[in-house]
Amino acid sequence: MSSSSSKSPSPVFTVKRCKPELVAPAMPTPRELKLLSDIDDQEGFRFQLPSIFIYGHNPSMEGKDPVKVIRDALSRTLVFYYPFAGRLREGHGRKLMVDCTAEGVLFIEADADVALDQLGDSLHPPFPCFEELLYNVPGSEGIVNCPLLLTQVTRFKCGGFTLAFRLNHTMSDGTGFAQFMTAMAELARGAHQPSIRPVWSRELLSARHPPRITCNHREFEEPIVDTSTIILSKKHMVQRSFFFGPTEIASLRRLVPRHLGECTRFELVTACLWCCRTKALQLAPEDDVRMMCIVNARARFNPIIPLGYYGNVFAYPAAVTTVRKLCENPFGYAVELIKKAKDEVTEEYMHSVADLMVTKGRPLFTTVGSCIVSNLTRAGLREVDFGWGNALYGGVSESGAGDFFGVTFMMDCVNGKGEESVMFPIFLPVKAMERFEKELADILCKSCDDGYPTFIRSSL
């Protein structure tokens with residue numbers, strides 16, 4: 001195996017920021033109170049999700065200021081997506097609702113003293129000095145009574161720029177946010193309205209009357225776990241990104257039995273991540289471990305969820321087994337568990353989750369022994385074009401979700417050979433990360449014709 005990492009020190013640069021401002025809708029918008037769905041306001045979604053888009057210099061945009069273009073587009077987009085300009089309030093039973101006040105979203109203009117190429121291979125997670133590219137405005141990080149979006153545009157000396165966001169996840173999932181971003185990009189390029197009109201209709205995913213839990217939701221059950229099981233804490237962890245190109249995917253596919261031959265790239269990489277991570281954490285053999293896969297359920301409704309709906313429409317069913325079974329069984333065992341869990345998600349399953357939320361007080365998912373993977377490779381985030389072309393990178397800025405660091409995101413990218421690939425950042429304790437890399441190399445090597453595989457990792 002050849003493995004490369006960032007050996008040079010993290011680039012150091014200075015960012016000069018203007019005072020944060022509120023960007024309001026460009027035209028008057030309705031003043032109303034809009035309920036979130038019972039999928040939206042569950043405890044597991046009550047966190048801020050940071051993301052970043054990186055754009056290189058484009059000679060055809062000479063003289064155009066990305067700050068002005070994006071600020072104007074954001075203001076115009078908020079006319080259509082006006083709930084984003086409001087504030088969340090919490091009512092009886094912890095029910096969340098948007099007070100559409102038109103106060104606006106936070107916006108920061110900034111300039112960096114370096115060119116993008118001086119960041120080296122840091123144009124993907126983990127990002128050095130990310131706090132410089134998305135300033136955490138004091139008092140803005142709350143879930144209720146705070147701006148629902150924080151945005152920073154940072155110009156670089158080369159003419160490129162970064163666009164960083166922090167999204168209140170109760171408002172939108174990855175698909176919904178990509179729709180918002182696409183609308184914003186369309187208006188930046190001169191459109192008068194988005195090609196897809198936003199749809200609220202959160203009542204489609206509200207609990208039934210009376211609520212009835214009809215499905216088995218292992219993502220919310222109490223785990224069977226040894227009391228000595230490691231609890232992940234960020235201060236003792238490192239974050240690294242791993243890249244899987246066609247060669248690595250082919251290697252994993254050769255480990256799968258014939259009856260699972262139609263498994264997806266996501267299922268292969270997720271199974272690989274689950275096995276290697278479990279071994280690396282050295283958990284007790286009889287502990288339960290869970291792999292929860294984010295499943296976009298839009299097309300699983302009849303009729304399907306309306307085009308333009310930008311709320312949360314996903315579940316995270318859990319594949320559950322013991323550490324011993326996962327580590328001792330062939331690779332296909334993990335793949336099959338993941339496929340079966342994903343197939344559980346139906347329209348009824350989603351209604352059952354909503355009913356569970358109101359029945360049990362909107363509980364948090366099971367965190368002990370759990371890992372969650374979200375597939376953003378189909379969200380089209382790199383194709384969000386404000387006039388400067390496709391993003392060099394578009395996606396989340398780090399793994400984790402709020403205080404839970406067992407979440408990772410799979411994103412599309414292009415590897416050094418120019419091949420479409422998938423990458424994921426992951427948090428692990430330092431020693432566990434070393435073991436994870438070894439386990440990853442071993443599993444890929446099992447079916448690699450040329451000796452060790454060539455997956456690339458990048459570290460901070």
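Over the face of which ring does Arg 202 lie, at 5.0 Å from the ring centre? Arg 202 lies over the face of Tyr 310, where a charge counts as over a ring if NZ of Lys or CZ of Arg is within 6 Å of the ring centre and within 35 degrees of the ring normal. Arg 202 also lies over the face of Trp 200, at 3.9 Å from the ring centre.

This is a predicted model, in which local features need pLDDT of at least 70 and side-chain atom pairs count only at pLDDT 80 or more, while totals for chains, interfaces and linings use all residues. Residues are numbered from 1 along each chain as its sequence is written, and side-chain values use heavy atoms, with hydrogens and water left out.

**Aromatic pairs**

Rings of Phe, Tyr and Trp (its six-membered ring) pair if their centres lie within 6.5 Å; planes under 30 degrees apart count as stacked, over 60 as edge-to-face and the rest as tilted. By this rule there are 24 aromatic pairs. Tyr 81 and Tyr 310 form an edge-to-face pair, with 4.8 Å centre to centre and 65° between the planes. The two residues are 229 residues apart: Tyr 81 is in the loop between helix H1 (66–80) and strand E5 (87–90), and Tyr 310 is in the loop between strand E12 (295–296) and E13. Helices (H or I, at least four residues) and strands (E, at least two) are DSSP runs, numbered from the N terminus. Both tyrosines are buried; buried means under 20% relative accessible area, exposed over 50%, and partly exposed in between (1.4 Å probe, protein chains only). Ring pairs link Tyr 81 and Tyr 310 into a cluster with Phe 53, Phe 84, Phe 165, Phe 177, Phe 180 and Trp 200.

**Nonpolar cores**

A nonpolar core is a set of buried Ala, Val, Leu, Ile, Met, Phe, Trp, Tyr and Cys residues joined through side-chain atoms within 4.5 Å. The largest has 58 residues, and Ile 52, Tyr 316, Met 350 and Tyr 393 have the most contacts inside it. Among the elements that give two or more residues to this core are strand E4 (48–55), strand E7 (105–112) and helix H8 (347–360). H8 gives the most, with 6 residues. A second, separate core of 46 residues includes Tyr 55, Ile 70, Tyr 81 and Ala 178.

**Strand E11**

All 6 of the 6 residues of strand E11 (residues 288–293) are buried, so the strand is largely enclosed by the rest of the structure. Asp 288, Arg 290 and Met 292 are on one side, and Val 289, Met 291 and Cys 293 on the other. Two strands pair if DSSP finds at least two bridges between them. E11 pairs with E14 in the antiparallel sense over 5 bridges, and Thr 322 in E14 is the bridge partner of Asp 288. With strand E15 (residues 370–375), E11 pairs in the parallel sense over 4 bridges; here Met 292 stands opposite Ile 372.

**Backbone exceptions**

Most residues other than glycine have a negative phi, and most peptide bonds are trans. The table gives exceptions.

| Site | Value | Place |
|---|---|---|
| Pro 125 to Pro 126, cis | omega about -5° | Pro 126 in the loop between E7 and H2 |
| His 209 to Pro 210, cis | omega near -5° | Pro 210 in the loop between H3 and E10 |
| Arg 94 | phi near 65° | loop between E5 and E6 |
| Arg 362 | phi about 55° | loop between H8 and E15 |

Arg 94 is partly exposed, with a relative accessible area of 29%, whereas Arg 362 is buried, at 5%.
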